[in-house]
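Me: I have a new model open and would like to learn how to read its helices. Could you take me through it?

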Amino acid sequence: MKPDFGDAYLALAYVLSSSGNFAEAITNYKSVIRLNPQSSVAHNNLAVTYLHMGKNKEALAALRRAATLEPNSGTIHLNLARAYLRLRNKDAALAEHTVLKTIDSELAKTLYDEIFQARILKVHD
């Protein structure tokens, strides 16, 4: 794989993941990350693929890396919160909601709705 083809491999990984071919998508995302370890998009998309597979701990690790690379990404913080919700870590999900409110109010509302739909919090909490 040549470094100048990184974007093509990123696109291929996205298509593979979108079509449910998660194992091959992960292989391609990891290849992109080897070529460009600073790609927050590749780390984030790898994490989303892991979430689809139920590999929540792996997703969390990839999202933490993505957040260090792009700390002001609302999408990354939303996905971090989703990973925390799947791991039943209410406090961490709420902390991500607090961060998200300062970055992107629309995504913060989306997360708020997801938290209550997951019944992690009750209306009176």
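Reply: Happy to. Helices here (H or I, at least four residues) are DSSP runs, as strands are (E, at least two), and they are numbered from the N terminus. With that in hand, α3 is followed by Gly54, whose phi is positive, near 80°. This is a predicted model, so local features need pLDDT of at least 70 and side-chain atom pairs count only at pLDDT 80 or more, while totals for chains, interfaces and linings use all residues. Residues are numbered from 1 along each chain as its sequence is written, and side-chain values use heavy atoms, leaving out hydrogens and water.

Me: What span should helix α3 have, and what does the model give?

Reply: The expected span of a helix is 1.5 Å times one less than its number of residues. Helix α3 (residues 40-53) has 14 residues and should span 20 Å, and its end C-alpha atoms are 20 Å apart, which agrees.

Me: Is α3 mostly covered or mostly open?

Reply: Buried means under 20% relative accessible area, exposed over 50%, and partly exposed in between (1.4 Å probe, protein chains only). In α3, 10 of the 14 residues are buried, so the helix is mostly covered. Among them are Ala42, His43, Asn45, Leu46 and Tyr50. Contact means heavy atoms within 4.5 Å, and the buried residues of α3 pack against α1 (6-18), α2 (22-35), α4 and α5.

Me: How does Met53 fit in?

Reply: Met53 belongs to helix α3 and is partly exposed because its relative accessible area is 33%. Leaving aside residues up to four places away in sequence, Met53 touches Phe22 and Ile26. The C-alpha atoms of Met53 and Phe22 are separated by 7.3 Å, although these residues are 31 apart along the chain.

Me: Which residues of α7 are buried?

Reply: First, the general idea: an α-helix has 3.6 residues a turn, so residues three or four places apart point the same way. In α7 (residues 105-117) the buried residues are Ala108, Leu111 and Ile115. They cover an arc of only 60° around the axis, which puts them on the same side of α7; the arc is that of the directions from the helix axis to the C-beta atoms. The face turned away from that buried side carries the exposed residues Glu106 and Gln117. What covers the buried residues of α7 includes α5 and α6 (90-103).

Me: Which polar contact should I look for at the start of α7?

Reply: A polar contact is a pair of N or O atoms within 3.5 Å; within protein, one must be able to donate a hydrogen and the other to accept it, and residues adjacent in sequence count only if both atoms are side-chain atoms. At the start of α7, a side-chain oxygen of Asp104 reaches to within 3.1 Å of the backbone nitrogen of Glu106. Ser73 offers another case: a polar atom of its side chain lies 3.2 Å from the backbone nitrogen of Ile76. Ser73 sits in the loop between α4 (56-69) and α5 (74-86), and counts as buried at 11% relative accessibility.

Me: Which residues touch the most other members of the largest nonpolar core?

Reply: In soluble globular proteins, nonpolar side chains tend to be buried together. A nonpolar core is a set of buried Ala, Val, Leu, Ile, Met, Phe, Trp, Tyr and Cys residues joined through side-chain atoms within 4.5 Å. Of the 32 residues in the largest one, Tyr29, Leu46, Leu63, Ile76, Leu80, Tyr84 and Leu111 touch the most other members. Each of α1, α2, α3, α4, α5, α6 and α7 supplies at least two residues of this core, and α5 gives the most, with 7 residues.
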